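This report walks through selected side-chain and helix contacts of one protein chain, for a reader who has the sequence and the coordinates at hand.

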Amino acid sequence: MRVTFDEKEQRFVFDFEHDGRDDIVSLTGDGYQVHAFGKCFYYGYEFSENTDSTVRSAFIKRVKFSNDLQNDEQLTTFIKNAVDSLNKKINLYNYDLVVMPESSSKVNQYMLRYIYRFAQPTLRKMELVKALPANISFDMDAFEQQYLEDILENGRPRYTQSQKDEVKKSIKVMLDLIHEKDYFTIAKDVKKSRFRPYIMQFLKFANKTDEELCATIRQQNILIIDDVTTSGSTLNEILRTLRIFNEDNDISIFSLIGRKDLMADSI
C-alpha cells in the first residue's frame, strides 16, 4: 500500500495495490509491535524518514479532518487496512473494552465501528475527555518520595528543609499558572518538564457510568486507540487515568499512525 504526494496538484495519491520508494507513509511491517508506555504498542502506519515535515503535517490534517469521512473511500480504506493488520496480530475478538480520547477528529469513532466487526458482541467503549485546567493537580507525595526525601551516601538528606520549602513554593506557582491556561497550551508546555510525571488529571471520564465501569472491570483485555501518536502524551495520560483504579487488566495500545522511537520522557 502506498501514499504519495503530488506536488504539482498539491494532493495525496492513494494506491492500495503497490509500494514504492517515494511513499510518504506505509503500513508497518516487522516493526509493527514495539514496547512503549510499559505496554504493547501497535501502530498501523509510519511515515518514511524522507517525508518532509510540511507534508507530514498536511497528511495528518487530511486524515484527521476529512469533511465527510464516512463517504471518503480512500480514507476509510486506509483505516480499514490498518485495523485488518491489527486484528491479525492481536485477534480483536479477545478484547472486552475499547478506550479512546475525546477528539474533534472522526477517525477514532470510525476505527471503533470497524473494530466491532471483529470483536465480541459485548465489546464496550469508554471515552476519556479533557479536564478543565482548574482541575489539574500535582502529586506532591510521590514527588517528595522520589526527589525531596533523597539521601546521600553518607546518610545525610540531600536537601535542607529550606530547599524543600522553596521547591514546593515553585510548584505552587507553576500550578497557579497552569490553572490559568487552556488544555492544549498546558500539554505543550509541560510535555518535557521534569515535573511531567507528577502533574495529574489531564483527562477525566466522560460520565459517571464510565468511571464506575472502569472501577469494576478486572483482569480483562483493554484496547486503547488513538488516531495519530507523536510524543505519546495523550496515550500516556489515558494509561495513568486507568491505573488509578487497577493494574490488573491486560492493556494493548493502537494508533492509526505512529512511530517506534517514542520519546522516553512520555513513558
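Which side chain meets Lys168 in a salt bridge? The partner of Lys168 is Glu144, with a distance of 3.2 Å from N to O. This and everything below is read from a predicted model.

## Salt bridges

The pair of Lys168 and Glu144 ties together parts that are 24 residues apart in sequence, because Lys168 lies in helix 5 (residues 161-178) and Glu144 in helix 4 (residues 140-148). Lys168 is partly exposed, with a relative accessible area of 28%, whereas Glu144 counts as buried at 18%, a value that falls under the 20% cut-off used for that class. In the structure as a whole there are seven salt bridges.

Another of these salt bridges joins Asp72 to Arg62, where the closest N and O atoms are 2.9 Å apart. Asp72 sits in the loop between helix 1 (53-64) and helix 2 (73-90), and Arg62 belongs to helix 1, so that the pair links distant parts of the chain, ten residues apart. Asp72 is buried, at 13% relative accessibility, while Arg62, at 24%, is partly exposed. Helix 1 also supplies Lys64, which forms a salt bridge with Asp227 with its closest N and O atoms 2.9 Å apart. Asp227 is in strand 11 (residues 221-228), and the two residues of this pair are 163 residues apart; with a relative accessibility of 2%, Asp227 counts as buried.

## Aromatic pairs

A pair of aromatic rings is described by the distance of the centres and the angle of the planes. A search of the whole structure finds twelve aromatic pairs, and one of them is formed by Tyr45 and Phe78, which counts as stacked because the ring centres are 3.8 Å apart and the planes meet at 5°. Tyr45 lies in strand 5 (residues 39-47) and Phe78 in helix 2, so the pair ties together parts that are 33 residues apart in sequence. Tyr45 is buried, with a relative accessible area of 0%, and Phe78 is likewise buried, at 0%.

Phe47 and Phe59 form a pair that is edge-to-face, with 6.1 Å from centre to centre and 85° between the planes. Here strand 5 contributes Phe47 and helix 1 contributes Phe59, twelve residues apart, and both residues are buried. The four residues of these two pairs belong to one aromatic cluster, in which Tyr45, Phe47, Phe59 and Phe78 are joined by Phe5, Phe12, Phe14 and Phe16.

## Helix 1 against helix 2

How do helix 1 and helix 2 pack, and at what angle? Their axes are 10 Å apart and the angle is about 95°, which makes helix 1 roughly perpendicular to helix 2. Helix 1 makes the contact through Phe59, Arg62 and Val63, and helix 2 through Gln74, Leu75 and Phe78. These residues divide into four nonpolar, one polar and one charged. Arg62 thus takes part in this contact as well as in the salt bridge with Asp72, and Phe59 and Phe78 of the contact are also members of the aromatic cluster.

## Helix 8

Helix 8 (residues 233-243) is largely enclosed by the rest of the structure, because eight of its eleven residues are buried. The buried residues are Leu235, Asn236, Glu237, Ile238, Leu239, Arg240, Thr241 and Leu242.

Notes: Residues are numbered from 1 along each chain as its sequence is written. This is a predicted model: local features need pLDDT of at least 70, side-chain atom pairs count only at pLDDT 80 or more; totals for chains, interfaces and linings use all residues. Side-chain values use heavy atoms; hydrogens and water are left out. A salt bridge is a side-chain nitrogen of Lys or Arg within 4 Å of a carboxyl oxygen of Asp or Glu. Helices (H or I, at least four residues) and strands (E, at least two) are DSSP runs, numbered from the N terminus. Buried means under 20% relative accessible area, exposed over 50%, partly exposed in between (1.4 Å probe, protein chains only). Rings of Phe, Tyr and Trp (its six-membered ring) pair if their centres lie within 6.5 Å; planes under 30 degrees apart count as stacked, over 60 as edge-to-face and the rest as tilted. Axes are lines fitted to C-alpha atoms, for helices over the stretch in contact, and angles run from 0 to 180 degrees between N-to-C directions. Angles under 35 degrees count as roughly parallel, over 145 as roughly antiparallel, 65 to 115 as roughly perpendicular and the rest as oblique. Contact means heavy atoms within 4.5 Å. Ala, Val, Leu, Ile, Met, Phe, Trp, Tyr, Cys and Pro count as nonpolar, Asp, Glu, Lys and Arg as charged, and the others, Gly among them, as polar.
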